[in-house]
Amino acid sequence: MKVLLVEDEPDLGASIVRKLHQEKYIVDWIQDGDEAWLAMRPIDRSYKQMQQFTSDASHELRTPLAAINATVETILDLEHLSEQEARDTLISIRRQNNRLACLVQDLLLLSRFDQKTQVTDRQPCCLNDLITDLMEEFSALASNADLQISSSLEHPQPLYVLADEDQILRLFSNLIANAIKYTPAGGYVHITLKRSTSDAVIEVKDTGIGILPQEQVRIFDRFYRIDTARSRSSGGSGLGLAIAKAIIEAHKGSIEVQSQLGKGSSFIVRLPASSVEEPLL
């Protein structure tokens, strides 16, 4: 067995020396300035999160592209292609293309929220009407999943928020769709609307699989999935809750999750309440 010496590989030797000097400098810097190191920790954490996000985004984009390429390669290997085979191929490619397009749109939306360039058309939005619309929209999906979906409007008068209605609709659509996705047959999803002091409070509660405590702090991270297999089979990208949180923060609201494994979860959203007469900003 040959022992690799620094003299054998001058470039490698120089690289090792530089690395040792860098590590010694970092150690000396940490020892000389613990406060400086502590100040750098948020930057280091943000950098690692950016690296993870880039890696995850690349993986998510590569998956549908690989599926499209595999489909095309398979068809090219065939000597003869029937009309039905051609149709099935085009349907498969269209499905993967739609998945790719949705993923890119979600990434662009999150990027605009990060850079605070996302345009919000804020108008008085009646949450009572919005929840009624959502109930109609998701009733068929819940029925197909053998779930009960219901709502209770505990505020006697129409409750308004000053918001971009399309974004608020997407916010609660994401929460309700997740509740249906992770609730076994025979369970239920319930949406509650009420007012607490100056906030409108909307709770989406389910009898689903629940979330472990260590996962509850990560579920709003981009590309994070509780159940990877189920998310992928249903077309989920792991961006739904990240987008929901970004929308809430853009509207000066908050969201919290309460969950028990095997018993279900509650997502509680608080948004600043508004009167219809309040001047638009």
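How many aromatic pairs does the count come to by the ring-centre rule (rings of Phe, Tyr and Trp, the last by its six-membered ring, with centres within 6.5 Å)? The count comes to one aromatic pair, and the first view below shows it. This is a predicted model, in which local features need pLDDT (the predictor's confidence in each residue, from 0 to 100) of at least 70 and side-chain atom pairs count only at 80 or more, while totals for chains, interfaces and linings use all residues. Residues are numbered from 1 along each chain as its sequence is written, and side-chain values use heavy atoms, with hydrogens and water left out.

**View 1. Phe 220 and Phe 267 form an edge-to-face pair.** Their centres lie 6.4 Å apart, with 85 degrees between the planes (over 60 counts as edge-to-face). Phe 220 sits in the loop between helix H6 (213-216) and helix H7 (228-233), and Phe 267 in strand E7 (residues 264-274), 47 residues apart. Helices (H or I, at least four residues) and strands (E, at least two) are DSSP runs, numbered from the N terminus. Phe 220 is buried at 14% relative accessible area, and Phe 267 is buried at 8% (buried means under 20%, with a 1.4 Å probe and protein chains only).

**View 2. Asp 206 is buried yet has no salt bridge.** Such a bridge would need a side-chain nitrogen of Lys or Arg within 4 Å of a carboxyl oxygen of Asp or Glu. The nearest side chain of opposite charge, Lys 205, is 9.3 Å away. Asp 206 lies in strand E5 (residues 199-206), and a polar atom of its side chain is 2.8 Å from the backbone nitrogen of Gly 208.

Definitions and conventions:
Buried means under 20% relative accessible area, exposed over 50%, partly exposed in between (1.4 Å probe, protein chains only). Lys and Arg count as positive and Asp and Glu as negative; His and the chain ends are not counted. A polar contact is a pair of N or O atoms within 3.5 Å; within protein, one must be able to donate a hydrogen and the other to accept it, and residues adjacent in sequence count only if both atoms are side-chain atoms. Rings of Phe, Tyr and Trp (its six-membered ring) pair if their centres lie within 6.5 Å; planes under 30 degrees apart count as stacked, over 60 as edge-to-face and the rest as tilted.
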